[in-house]
Amino acid sequence: MDLLSIAFYLSVLTYYLGVLIYMLPIPIYGLKKWAPQLMVDGVFSAILVFSYSLIMWLIQYFSGILGSDWNRYNEWLLKEINIIIGVILLFKAIGIGLSSMGLGFLANSLLSPLISSLTYLLVFLLTVSTLVYALYLLSHTLVAVGLVLHSIPFRITRSSGAMLISIVIIFSIGAPLMPSFVDLISNNVVEQINENKYGVVYADIIVTDLVNNDISHSVVEFRGMDQNLLARYLADIAGYVDSSDIDKGIPSEKTYMSIDIVGYKYSFIITPEDLIEKKDNKLVLPIKLSNVISIKPLHYMIFMGFHGNISIVSITNSSGTIMVSSSTEYVLLLILPIWDSGEIVLDNSSIEPNNVVEYKWGDIDFKAYKYIISLGNHTISYEVRGNYYSKPVIDEVYYTRDTLGISIDKPVYFINIVSSLIYRVFIGPIVYVSILFTASTALAKLLGGSSSKIARIVVTGV
Amino acid sequence: MTNIISFIQELIVNITIIAWIIFFLTWVIGWAIKGSPIPFLRVKRAGERMIEDAVWAAFWLAMGTTVFALIAYIANTFYQPLPEPPTI
């Protein structure tokens with residue numbers, strides 16, 4: 001309010017200076033013409049000073065009419081920042097993947113400049129937002145300063161003051177509407193990279209059983225938290241999923257992971273990033289299933305509903321003996337291709353399965369012997385006969401290529417992402433700020449003169 | 001801030017005093033020129049204009065306080081709460 005008092009007294013001073021000049025007994029036209037000018041300026045400035053509350057109220061009123069909402073603006077800003085950061089992280093992960101495959105030149109020549117432009121874009125967006133937000137938060141002070149400048153005699157800073165007042169008015173009303181404008185003029189190219197909220201990392205997966213033997217041909221799936229399929233890979237005969245290929249990759253953030261062993265699924269929530277290890281210069285995600293025994297490819301023994309310990313007595317490639325102690329009753333499954341056979345010996349006596357299920361998985365016919373074993377300590381021996389092997393047929397879904405829609409064969413895709421982001425969060429806001437800038441200049445002219453230089457510096461900082 | 005305000009207030013008072021002095025000066029000079037026994041009409045008219053200006057200026061000087069009080073009154077009268085904006 002002190003600023004307003006200063007502004008008021010300055011306008012009174014302007015008025016009396018005008019009167020003084022009016023009285024001067026010097027008949028010089030150049031001097032005398034200031035008299036009515038100063039008197040009118042003084043009166044106009046005083047009117048503006050007394051209209052301070054009205055100006056602040058008008059800002060609120062027009063904001064309400066036009067639907068300006070700072071919360072919506074902040075949400076939009078946060079969303080755009082997240083998209084840009086997501087794309088930067090995606091490009092970085094792809095760059096690391098390319099480097100580990102010996103394609104570092106591609107990462108350096110294509111991805112690094114794109115990441116730099118995105119960083120500049122982020123800096124621009126945050127700077128514009130800080131500026132716009134500062135104009136809004138400091139609007140009361142800035143209008144008061146504008147009024148003081150407007151009231152200084154002899155029109156020394158009149159246009160600067162008018163410009164400052166009009167910039168605050170126009171930007172406080174118009175800036176929160178920027179998201180609507182940007183949405184109106186932008187395309188939907190950016191939408192398809194939204195899936196990247198799960199990140200990407202280029203790591204292989206090894207699935208092992210209770211005794212650290214590899215489980216061959218397991219199917220590893222990743223699903224988003226809304227259960228949409230992100231990736232599906234088939235492990236090779238050695239239980240190894242080669243997902244560090246540049247087309248493949250796996251999500252790095254928290255996702256659902258499921259491992260399908262010839263039709264029996266294990267699902268859990270996992271954050272691959274935290275579990276990845278480095279082995280021989282390669283990133284590996286080790287997964288151990290401690291209630292599965294892999295006898296040989298496509299021949300498995302699975303303990304379901306089991307709570308206890310399993311210790312190995314002896315294991316060969318078609319038979320074995322184990323000691324099992326469980327505190328609950330559980331189901332033991334012996335799964336084999338339909339052409340092979342097997343049997344279980346419980347505590348030195350052969351037992352018949354409670355149930356046998358035949359089914360098809362991966363274009364191979366399987367049968368599962370189901371045994372219900374009581375709680376307590378047991379010695380279980382198993383033996384399988386036959387060596388049927390055929391590679392299962394599974395539709396794989398590559399994370400980078402199919403889900404993220406990125407193909408390293410088409411580098412223009414990366415550029416498209418960046419250019420659409422530039423269009424959306426650089427050109428859009430620049431056009432909008434220019435519109436507000438022009439409106440501010442026009443309003444400043446109404447308020448007593450405009451100074452485009454002041455406006456440019458306040459709005460753009462240069 | 002208060003110093004600046006009192007400085008400006010002093011300035012206003014001083015200017016008002018000087019203005020009154022100059023009014024009398026101008027008024028005297030104006031009459032002196034107008035009433036001088038010289039046959040130059042242009043000079044005499046200049047003297048007349050000086051008296052006119054001085055009288056008008058004295059009027060606005062005297063009205064100064066009233067003018068600003070009126071502005072304050074009108075501004076406060078016009079700042080009536082308008083109806084609420086419609087929500088979109």
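# Notebook: looking through chains A and B

I began with Phe426(A), which counts as partly exposed because its relative accessibility is 33%. I was working from a predicted model throughout, and I kept that in mind with each entry. When I looked for the place of Phe426(A), I found the residue in helix H12 of chain A, which covers residues 412-446. I then asked which residues form a nonpolar patch on the surface together with Phe426(A). I noted Ile427(A), Ile430(A), Val431(A) and Ile435(A) as the other members, and I wrote down about 370 Å² of accessible area for the five together.

**Entry on domains**

Next I looked up how chain A is divided, and I listed domain 1 (1-50), domain 2 (69-194 + 410-460), domain 3 (197-292 + 392-403) and domain 4 (296-385). I noted that domain 2 and domain 3 are each written as two stretches of the chain. For domain 2 and domain 4 of chain A, I recorded that their centres, taken over C-alpha atoms, are separated by 65 Å.

I also looked up a pair of single residues, Val201(A) and Leu48(A), and found 61 Å between their C-alpha atoms, with their positions 153 residues apart in sequence. Val201(A) itself sits in the loop between helix H9 (178-185) and E1 of chain A. I entered Val201(A) as buried, because its relative accessible area is 14% and the cut-off for buried is under 20%.

**Entry on salt bridges around Asp41(A)**

I counted salt bridges next, and the structure holds 11 of them over all chains. I then asked which side chain meets that of Arg155(A) in a salt bridge. The partner I found is Asp41(A), with 2.6 Å from N to O. I noted that this pair links distant parts of the chain, since Arg155(A) is in the loop between helix H7 (139-151) and helix H8 (158-174) of chain A, while Asp41(A) is in helix H3 (residues 34-50), 114 residues apart.

I found a salt bridge from Arg158(A) to Asp41(A) as well, with the closest N and O atoms 3.5 Å apart. Arg158(A) lies in helix H8 of chain A and Asp41(A) in helix H3 of chain A, so this pair ties together parts that are 117 residues apart in sequence.

I wondered whether these three residues are buried or partly exposed, and I took them one by one. Asp41(A) counts as buried because its relative accessibility is 5%. Arg158(A) is buried too, with a relative accessible area of 6%. Arg155(A), on the other hand, counts as partly exposed at 36% relative accessibility.

**Entry on other salt bridges**

I looked up Arg401(A) and found that it forms a salt bridge with Asp402(A), the closest N and O atoms being 2.9 Å apart. Arg401(A) is partly exposed, with a relative accessible area of 36%, and Asp402(A) counts as partly exposed at 37% relative accessibility. I also wrote down a network of salt bridges that links Glu221(A), Arg223(A), Arg232(A) and Lys265(A).

**Entry on a charged patch**

On the surface I found a patch of negative charge where Asp214(A), Asp236(A), Asp242(A) and Asp245(A) gather. I followed Asp214(A) further and placed it in the loop between strand E1 (204-208) and strand E2 (219-223) of chain A. Asp214(A) counts as partly exposed because its relative accessibility is 37%.

**Entry on positive phi values**

I reminded myself that most residues other than glycine have a negative phi. I then asked what the phi of Gln227(A) is near. I read a value near 70°, which is positive in a residue other than glycine. Gln227(A) has its place in the loop between E2 and strand E3 (229-234) of chain A, and it is partly exposed, with a relative accessible area of 42%.

Val262(A) went on the list too, with a positive phi of about 35° although it is not a glycine. I placed Val262(A) in the loop between strand E5 (255-261) and strand E6 (264-270) of chain A. Val262(A) counts as buried because its relative accessibility is 1%.

**Entry on chain B**

Last, I turned to chain B and found that its secondary structure comes to 2 helices and 0 strands. Of the 88 residues in chain B, 28% are buried. I closed with the area that chain B exposes, about 6,300 Å², of which carbon and sulfur atoms supply 72%.

Definitions and conventions: Residues numbered from 1 in each chain as written. Chains lettered and ligands numbered in written order. Predicted model: local features only at pLDDT ≥ 70, side-chain atom pairs only at ≥ 80, totals over all residues. Heavy atoms only, no water. Patch = residues over 30% accessible without salt bridge, like charges linked within 9 Å, V, L, I, M, F, W, Y side chains within 5 Å. Areas by Shrake-Rupley, 256 points an atom, 1.4 Å probe, with all protein chains shown as cover. Salt bridge = Lys/Arg side-chain N within 4 Å of Asp/Glu carboxyl O. Lys, Arg positive; Asp, Glu negative; His and termini not counted. Charge placed at Lys NZ, Arg CZ, Asp CG, Glu CD. Helix = DSSP H or I, 4+ residues; strand = E, 2+ residues; numbered from the N terminus. Buried < 20%, exposed > 50% of the residue type's maximum accessible area, 1.4 Å probe, protein only. Domains from an automatic or database assignment.
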